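Open your viewer and keep the selection tool ready. This tour goes stop by stop, saying what to select and what is there.

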Amino acid sequence: MTKTAAPLVVTQGDPSGIGPEILLKAYLARDDYGLPPFFLLADPAHIARVAGELQLDVKIEATAPDKACKTFAHALPIVSLDYDVRGFPGRPDPADAASTISAIERAVACVVKGDARALVTNPISKSALYDAGFAHPGHTEFLATLAHRHYGGARRAVMMIWAEELAVVPITIHIPLSDAPKRLTRDLIVETGEIAARDLAARFHIEKPRLAFAGLNPHAGENGALGREEIDVIAPAIATLRARGVEASGPHPADTMFHAAARATYDVALCPTHDQALIPIKTLAFERGVNVTLGLPFVRTSPDHGTAFDIAGRGVADPRSLIEAIRLAGRIS
Ligand SMILES: NC(=O)C1=CN([C@@H]2O[C@H](COP(=O)(O)OP(=O)(O)OC[C@H]3O[C@@H](n4cnc5c(N)ncnc54)[C@H](O)[C@@H]3O)[C@@H](O)[C@H]2O)C=CC1
Ligand SMILES: NCC(=O)COP(=O)(O)O
């Protein structure tokens, strides 16, 4: 199968979260949104149970990846995981962790083999997986490990959350806030900036991406009076990026770089910490934001939200972020 003819592969995510529901709703909306064909890696019996409980009229067909495109027109294609998934809504179950992890591993294997052109992940509960012994902070870092496993070489994955009006990159990701200043090195900033610039050009066709870096401290340090990371670490990293031909600006005060006029001056905002980056995008575009992993030899997208255990099983979950994740994966792969 040629890469562009291949379907997308979608993972089950945490089966007790809203993943199965939004996936079923996305399938029902496939024609309205012009979604490219996809197949789900899951336990077909579990997905049929969720569809029945939520009265979502979706025909489900267990199939193989090479039959998925044909199936997609009349039924939701599911490639079966070798697990009996319990997935009681709202109650994450350690017994389901192995199936959740296996879906991610198998999805990457499908892309590597050419059975799928890109992967879209449903949300996982980090703490539920940590409790089951999962050693990776999140998908992003796990995918870098899987890329290394399949392709060799050092692999660094960069998280970007994207919407039409804003794209953000957290330079440090899933670490305690108190560790962020120590982990924020010149090398990390330069590497993150280079990956973002490269993938925005290659995958999003922005010829010369404009990168805007946020400071770490209030008012970007106020010339060192409120912290020295801007002077000692961030500004030198920006200078290195500029010397290497990357259009990089900053460090900008993080509190004033997300209003509309400021956003018009850059293509992506890169922030030292997770929440500096994710709060603005989730405020502006929670229902439409897409998490895209940059830096890998394959495309992975995901909705910007999590497992939403508080509403799982109630039928009220909004599928639009997953729909946008599927659309974007189709567009950039
Ligand atoms: N890509 C991934 O796998 C992600 C996983 N997570 C995980 O999700 C778990 C829960 O995280 P939270 O911080 O509670 O964030 P969350 O995004 O799951 O929920 C936050 C709030 O938004 C609501 N919400 C989320 N998605 C919604 C949707 N599609 N429709 C309607 N309402 C929605 C929820 O009901 C909740 O009130 C955590 O364990 C976290 O690790 C969080 C973000 C991304
Ligand atoms: N807050 C975003 C998030 O946690 C997503 O992480 P990942 O599982 O995509 O690495």
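How many nonpolar, polar and charged residues make up the shell around ligand 1? Select that shell and colour it by class: 7 residues are nonpolar, 6 are polar and 3 are charged. Keep in mind throughout that this is a predicted model.

**Stop 1: ligand 1**

Zoom in on the shell. It holds 16 residues, and Lys126, Gly306, Ala308, Asp310 and Asp318 come nearest to ligand 1. Now show the polar pairs. A polar backbone atom of Ile124 sits 2.9 Å from an oxygen atom of ligand 1. A polar backbone atom of Ala308 is 2.8 Å from a ligand 1 oxygen. With Asp310 the partner is in the side chain: one of its polar atoms lies 2.8 Å from an oxygen of ligand 1. Switch on the surface. Ligand 1 taken alone exposes 820 Å², and the protein buries 66% of that.

**Stop 2: Ala308**

Stay on Ala308. Look for it in the loop between strand S12 (300-303) and helix H12 (320-332). Check its backbone angles: phi is near 45 degrees, a positive value in a residue other than glycine. Most residues other than glycine have a negative phi. Is Ala308 buried, partly exposed or exposed? Ala308 counts as partly exposed because its relative accessibility is 24%, and that class runs from 20% to 50%.

**Stop 3: Asp14**

Select Asp14, in the loop between S1 and helix H1 (19-28). Asp14 has a relative accessible area of 7%, so it is buried. Show its contacts beyond four places in sequence. Among them are Pro20, Pro92, Thr100, Ile124, Ala128, Thr307 and Phe309. One of these, Ile124, also offers the backbone atom 2.9 Å from a ligand 1 oxygen. Draw a line from the Asp14 side chain to the backbone nitrogen of Ser16: the distance is 2.8 Å. Then pick the C-alpha atoms of Asp14 and Gly306. They are 292 residues apart along the chain, with 9.5 Å between them.

**Stop 4: ligand 2**

Move to ligand 2. Its surroundings are Lys126, Gly138, His139, Thr140, Met159, His174, His274, Leu278, Asn291 and Arg300. Lys126 is also listed among the residues nearest ligand 1. Which distances separate ligand 2 oxygens from the side chains of His174, Asn291 and Arg300? For His174, a polar side-chain atom lies 2.9 Å from an oxygen of ligand 2. For Asn291, a side-chain N or O atom is 2.9 Å from a ligand oxygen. For Arg300, the value from a side-chain N or O atom is 2.9 Å. Ligand 2 taken alone exposes 300 Å², of which the protein buries 88%.

**Stop 5: helix H4 and the turn after it**

Select residues 97-113, which form helix H4. The helix has 17 residues and reaches 24 Å from first C-alpha to last, close to the 24 Å expected. Its buried residues include Ala97, Thr100, Ile101, Ile104, Ala107, Val108, Cys110 and Val111. What covers the buried residues of H4? The cover includes strands S1 (8-11), S2 (38-42) and S5 (119-120), together with helices H5 (126-131) and H6 (139-151).

Step off the end of H4. Gly114 follows, with a positive phi of about 95 degrees. Asp115 is in the loop between H4 and S5. Its relative accessible area is 18%, so Asp115 is buried, the cut-off being under 20%. The side chains of Asp115 and Lys113 form a polar contact of 3.4 Å. Farther along the sequence than four places, Asp115 touches Ala6, Pro7, Phe39, Pro65 and Cys110.

**Stop 6: three last picks**

Go to Gln55, between helix H2 (44-53) and strand S3 (60-62). Its phi is positive, about 55 degrees, although Gln55 is not a glycine. Gln55 counts as exposed because its relative accessibility is 73%.

Next, select Gly250 and Pro251. A cis peptide bond joins them, with omega about 0 degrees. Most peptide bonds are trans. Pro251 belongs to strand S9 (residues 247-252).

Finish at Ala261 in helix H10 (residues 260-263). Ala261 is exposed, because its relative accessibility is 53%. Pick its C-alpha and that of Leu129: they are 132 residues apart along the chain and separated by 41 Å.

Notes: Residues numbered from 1 in each chain as written. Chains lettered and ligands numbered in written order. Predicted model: local features only at pLDDT ≥ 70, side-chain atom pairs only at ≥ 80, totals over all residues. Heavy atoms only, no water. Near = heavy atom within 4 Å. Polar contact = N/O pair within 3.5 Å; in protein donor to acceptor, adjacent residues only side chain to side chain. Areas by Shrake-Rupley, 256 points an atom, 1.4 Å probe, with all protein chains shown as cover. Nonpolar A, V, L, I, M, F, W, Y, C, P; charged D, E, K, R; others polar. Helix = DSSP H or I, 4+ residues; strand = E, 2+ residues; numbered from the N terminus. Expected span 1.5 Å × (residues − 1). Buried < 20%, exposed > 50% of the residue type's maximum accessible area, 1.4 Å probe, protein only. Contact = heavy atoms within 4.5 Å.
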